[in-house]
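Got your viewer open? Let's take a short walk through this one, selection by selection.

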Amino acid sequence: METHDAAAERFDAIVVGAGFAGMYALHRLRGRGLKVRVFEAGDDVGGTWYWNRYPGARCDVESVEYQYGFSEEIVKGWSWTERYATQPEIMRYADYVAGQLDLRNDMQFNTRVTAAVYDEAAKRWTIETDQGDRVSAQFCIMATGCLSAAREPEIAGRGSFKGQTYHTGAWPHGGVDFSGQRVAVIGTGSSGVQSIPLIAEQAERLFVFQRTPNFSLPALNGPLDPAFARAAKESFMEDRKRVRTTDSCSMMPASEISALDVTEEERQRNFEHRWGKGGFAFVTSYKDVMNKLEANALASEFVRSKIRQVVKDPKIADLLAPTNHPIGTKRLCLDSHYYETYNRPHVTLVDISNAPIERITAEGLIVGGQEYKVDSIVFATGFDAMTGALLRIDIRGKSGLKLGDKWAAGPRTYLGLGVAGFPNLFMVTGPGSPSVLVNVIIAIEQHVDWIVDCIDHLSAKGLSVIEAQVEAEDRWVEHVNEKADGTLYPLANSWYVGANVPGKARVFMPYVGGFATYDRICARVVANGYEGFSLA
Ligand code: NA7
């Protein structure tokens, strides 16, 4: 697509990112008659699913729930084939939606936004890209995603490696054939847990470098029963309405009972029952698993015992069974045959919890003085989550205030939607909103709808600027922290608290108070005349 000259073409809104948030934002804003352009670094829609093409990549929200709910026509026209959709199937879904809504016309691909600067006199944003675009917009909508800034750790000697290196979050489009290779995988979060069994299928030798074992639950994935899929489609609109009234934002009802109020026998029966269903249902077996250490310890031990049953070598089982964080406080993984993979003779687990990877050499990696010679290294090392994608853009608000400076001690937002000092800048699923803790597509729709209603309101009232107030932002940040402190989440060194990025401020970033609660707060803010925002 052509680029634009310095004459700064004018838009009503610029949307950054063409993932599920950017796609829906474009659809809604265009529907209100606004002139909109979406800038996207990839060469197509799909966001995180566009980049994460590693073997085994799949969504761990059930496919019949991981879809837009705003259009019955779109729901009716699509059918999922597996309980948990694979990355390619999700890309086909994104393509289907983009085609139905004719979204690509207003999207400029292969274009990374580099700067967004607020002009106080003009009350407009100037947005610049790596393709030389310089455009002006009244509203700037950051649909940049929570897990889109892939991160490779700095390991000495990285440049000297003679083989191939890959990051799961930036996987080659043509795929990778590891047949006959010795492969190292660094990282055992979701991306590692999903890819390791499939890489092991191909590789001649596989070394997994594990810094922290994660809890993983069986996905029990499989083809969707056509009768179930038909029924799910039939009841989708009603189900979605109901799910949106829950804090968990999920079809699976959370238990109302304490794990401590039942007998050992009952508890084991219930754990087994939930375990047998597959998926995240296990962690809501009891209402206090995520906020009482004692309850959590029971659930954690149950999962450890399952790991020990599967992994034949007791030493390896011990290494794989997490003991340094309560279950669920680091993002839970769902797997297909992950633990079984360690029973294969060509797969070696290398514990690096006490001795980090010392160095990468021309031929491999050195840990504890020993060299592991490999042909390829896979970095399954995650993302600079929640804030990374935003802060990689030079965002400057009033008086030249840099977002990076404002957030030096952790992100500060009002509702995860707006930031004081940055008028007319909206974030979709920004830090301080439920985002990654719930079905993110539902969180996206809720945010985009709120933003579009807000823009409508401004226009109906003849107003042009909205900005979060500092006091409201301070209160919100405090509330987000209080909610997190009422749970076990802050106990773990997770990407939720930025612990995976050296030097990043330790702040629990998502809002843990529940989706429906949050949705009500957002609605109340509107009902009270955009309480906590200044409108001008
Ligand atoms: P995660 O969950 O952040 O996992 C990254 C993994 O990489 C994790 O095991 C890390 O260990 C490990 N890691 C990171 N840096 C290093 C270094 N320097 N050395 C060794 N190991 C390291 O990212 P994923 O891509 O797996 O998943 C991200 C989300 O995508 C996931 O939660 C789902 O929401 C989908 P650590 O635990 O930090 O000790």
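Keep in mind that this is a predicted model. Start with the ligand and select the shell of residues around it: you'll get 7 nonpolar, 8 polar and 4 charged ones. Of these 19 residues, the ones that come nearest are Ser191, Arg211, Thr212, Lys330 and Arg331, so colour those separately if you like.

Next, zoom in on some oxygen atoms of the ligand. Pick Thr212 and look at its side chain: an N or O atom there sits 2.4 Å from a ligand oxygen. Move over to Arg331, where a side-chain N or O atom is 3.4 Å from an oxygen of the ligand. For Thr188, turn on the backbone instead, since one of its backbone N or O atoms lies 2.9 Å from a ligand oxygen. Now switch on a surface: on its own the ligand has 770 Å² of accessible area, and the protein covers 87% of that.

Done there? Hide the ligand and go to the second largest pocket, with a volume of about 350 Å³. Select Glu62, Val64, Glu65, Phe228 and Met251, which lie nearest its centre among the 18 lining residues.

Which helices should you show around this pocket, each supplying at least two residues of the lining? Helix 6 (226-234) and helix 7 (236-243). Helix 7 gives the largest share, 4 residues. To finish, colour the pocket lining by residue class: 9 are nonpolar, 3 polar and 6 charged.

Definitions and conventions. Residues are numbered from 1 along each chain as its sequence is written. This is a predicted model: local features need pLDDT of at least 70, side-chain atom pairs count only at pLDDT 80 or more; totals for chains, interfaces and linings use all residues. Side-chain values use heavy atoms; hydrogens and water are left out. On a 1 Å grid over the protein atoms alone, a cavity is a set of points where a 1.4 Å probe fits but cannot get out, and a pocket is an open set with protein on both sides within 12 Å along at least five of seven lines; lining residues have an atom within 4 Å of a point. Grid points are joined across faces, edges and corners, and a volume is the space filled by probe spheres set on the points. Ala, Val, Leu, Ile, Met, Phe, Trp, Tyr, Cys and Pro count as nonpolar, Asp, Glu, Lys and Arg as charged, and the others, Gly among them, as polar. A residue is near a molecule or strand if one of its heavy atoms lies within 4 Å of it. A polar contact is a pair of N or O atoms within 3.5 Å; within protein, one must be able to donate a hydrogen and the other to accept it, and residues adjacent in sequence count only if both atoms are side-chain atoms. Accessible areas come from the Shrake-Rupley method with a 1.4 Å probe; for residues, only the protein chains shown count as cover.
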